[in-house]
Amino acid sequence: MDYAGWPINWAMGTGAFNIKMHPLYVKYNSKQFNAITITDVQTDLDNCLATSEGSVIVAYLSWLIRTKVLIAATI
């Protein structure tokens, strides 16, 4: 997989729902990156609904994956 062309920055857009209450955000936001596996995030991402309401959590999970790939490339 080539993630090099994707922007690494992630931010919640204005008007988006409160992601801090989403179960998947809660699952990962208190972990260090070294405790998160790409496989777990990909599984959660695969189970997200493909809706506009789900786009914020999809963007967050995608950012986690890109960040893990970036870390792996620099170690």
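In the predicted model, Phe 33 is located in the loop that runs between α1 and α2. With a relative accessibility of 29%, Phe 33 counts as partly exposed. Leaving aside residues up to four places away in sequence, Phe 33 touches Trp 63, Leu 64, Thr 67, Lys 68 and Ile 71. One of these partners, Leu 64, is 31 residues away from Phe 33 in sequence, while the C-alpha atoms of Phe 33 and Leu 64 are 8.3 Å apart in space.

Phe 33 also takes part in an aromatic cluster, together with Tyr 25, Tyr 60 and Trp 63. The count of aromatic pairs comes to 3. A pair of aromatic rings is described by how far apart the centres are and by the angle of the planes. For Tyr 25 and Tyr 60, the ring centres are 4.9 Å apart and the planes stand at 55 degrees, so this pair is tilted. An edge-to-face pair needs planes over 60 degrees apart, and the angle of 55 degrees belongs to a pair classed as tilted. Tyr 25 lies in helix α1 and Tyr 60 in helix α3, so their pairing ties together parts that are 35 residues apart in sequence. Tyr 25 and Tyr 60 are both buried. Phe 33 and Trp 63 form an edge-to-face pair, with 5.8 Å from centre to centre and 70 degrees between the planes. Because Phe 33 lies in the loop between α1 and α2 and Trp 63 in helix α3, this pair ties together parts that are 30 residues apart in sequence.

The helices named above belong to a chain with 3 helices and 0 strands. Along the sequence, the pattern is α-α-α. Of the contacts between residues at least 6 apart in sequence, 70% join residues that are at least 24 apart. The chain has 75 residues, and buried residues make up 27% of them. Its accessible surface comes to about 5200 Å², and carbon and sulfur atoms account for 59% of that area.

The largest nonpolar core has 13 residues. Within this core, the residues with the most contacts are Ile 19, Tyr 28, Val 41, Ile 57, Tyr 60, Leu 61 and Leu 64. Two elements, α1 (23-29) and α3 (55-74), give two or more residues to the core. The largest contribution is that of α3, with 6 residues. Val 41, listed above among the core residues with the most contacts, touches Tyr 28, Ile 36, Leu 61, Leu 64 and Ile 65 when residues up to four places away in sequence are not counted.

Asp 44 lies in helix α2. At 13% relative accessible area, Asp 44 is buried, because the cut-off for this class is under 20%. Apart from residues up to four places away in sequence, Asp 44 touches Leu 24, Lys 27, Tyr 28 and Leu 61. Side chains of opposite charge can pair when their charged atoms come close. The chain has 1 salt bridge by the rule applied here. This salt bridge joins Lys 27 and Asp 44, whose closest N and O atoms are 2.8 Å apart. Lys 27 lies in helix α1 and Asp 44 in helix α2 (residues 38-46), so the salt bridge ties together parts that are 17 residues apart in sequence. The two partners fall into separate exposure classes: Lys 27 is partly exposed, with a relative accessible area of 35%, whereas Asp 44 counts as buried.

The confidence of the prediction varies along the chain. The average pLDDT of the chain is 83, and 76% of the residues score at least 70. Among the elements, α2 has the highest mean pLDDT (97) and α3 the lowest (89). Over residues 1-6, the pLDDT is below 50. Beyond near neighbours in sequence, the stretch of residues 1-6 has 6 contacts in the model. Predicted coordinates should not be read in detail where pLDDT is low.

Notes
Residues numbered from 1 in each chain as written. Predicted model: local features only at pLDDT ≥ 70, side-chain atom pairs only at ≥ 80, totals over all residues. Heavy atoms only, no water. Helix = DSSP H or I, 4+ residues; strand = E, 2+ residues; numbered from the N terminus. Buried < 20%, exposed > 50% of the residue type's maximum accessible area, 1.4 Å probe, protein only. Contact = heavy atoms within 4.5 Å. Areas by Shrake-Rupley, 256 points an atom, 1.4 Å probe, with all protein chains shown as cover. Core = buried A, V, L, I, M, F, W, Y, C linked by side-chain atoms within 4.5 Å. Salt bridge = Lys/Arg side-chain N within 4 Å of Asp/Glu carboxyl O. pLDDT = per-residue confidence, 0-100. Phe/Tyr/Trp six-rings, centres within 6.5 Å; stacked < 30°, edge-to-face > 60°.
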